[in-house]
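Visitor: Please show me the chain. I have some questions about its core and its charged pairs.

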Amino acid sequence: MRTDLFNSINLKRGISPYDHATGDAAVVSQIIDMQGIDALVFAIATGSLADADATFTVLIEESDDSGMSGASAVADADLLGTEALASFTFGSDDKCFKIGYKGSKRYVTCTITPANNTGAALLCVIAITVPQILPTSNPPA
């Protein structure tokens with residue numbers, strides 16, 4: 001018998017499908033409120049990454065402030081996977097990456113920062129959460 005993942009997860013918008021046309025400006029996800037959440041994974045999906053030498057670095061930050069005031073980088077011990085494994089390069093067209101959070105702060109974000117980007121870069125981030133109260137609603141709340 002298969003596990004019922006459908007009723008056990010909730011999806012939240014992190015970064016809407018985005019065309020980072022050119023430049024190195026960081027893209028920050030929506031703030032994910034961890035109240036009532038047992039688990040969080042950021043799923044990162046790339047489309048076409050047109051630049052020939054761009055890199056994209058992932059940073060997970062946490063705070064107890066709803067506006068992320070005083071945010072700090074999440075300690076490696078509070079991550080599942082690593083930011084290095086979730087980061088990617090120009091050669092990562094049409095790939096998926098993931099990084100999990102197991103820390104104790106109330107609010108979490110995912111930032112993707114390009115470097116040397118002079119071409120279109122299509123990407124998005126979905127926050128996959130496991131709420132404490134199941135089953136989850138459809139569409140996700």
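Here are short questions and answers on the core and the salt bridges.

Guide: This is a predicted model: local features need pLDDT of at least 70, side-chain atom pairs count only at pLDDT 80 or more, and totals for chains, interfaces and linings use all residues. Residues are numbered from 1 along each chain as its sequence is written, and side-chain values use heavy atoms, with hydrogens and water left out.

Visitor: Which element gives the largest share of the largest nonpolar core?

Guide: A nonpolar core is a set of buried Ala, Val, Leu, Ile, Met, Phe, Trp, Tyr and Cys residues joined through side-chain atoms within 4.5 Å. Buried means under 20% relative accessible area, exposed over 50%, partly exposed in between (1.4 Å probe, protein chains only). The largest core here has 27 residues. Its largest share, five residues, comes from a strand (a DSSP run of E, at least two residues, numbered from the N terminus): β4.

Visitor: How many salt bridges are there?

Guide: A salt bridge puts a side-chain nitrogen of Lys or Arg within 4 Å of a carboxyl oxygen of Asp or Glu. Asp33 and Arg106 form one, at 2.6 Å, N to O. Asp64 and Lys105 form another, at 3.5 Å. By this rule the count is two.

Visitor: Is Asp64 buried or exposed?

Guide: Asp64 pairs with Lys105. Asp64 lies in the loop between β5 and β6, and Lys105 in the loop between β9 and β10, so the pair ties together parts 41 residues apart in sequence. Lys105 is partly exposed, at 30%. Asp64 has 52% relative accessibility, so it counts as exposed.

Note on methods: Helix = DSSP H or I, 4+ residues; strand = E, 2+ residues; numbered from the N terminus.
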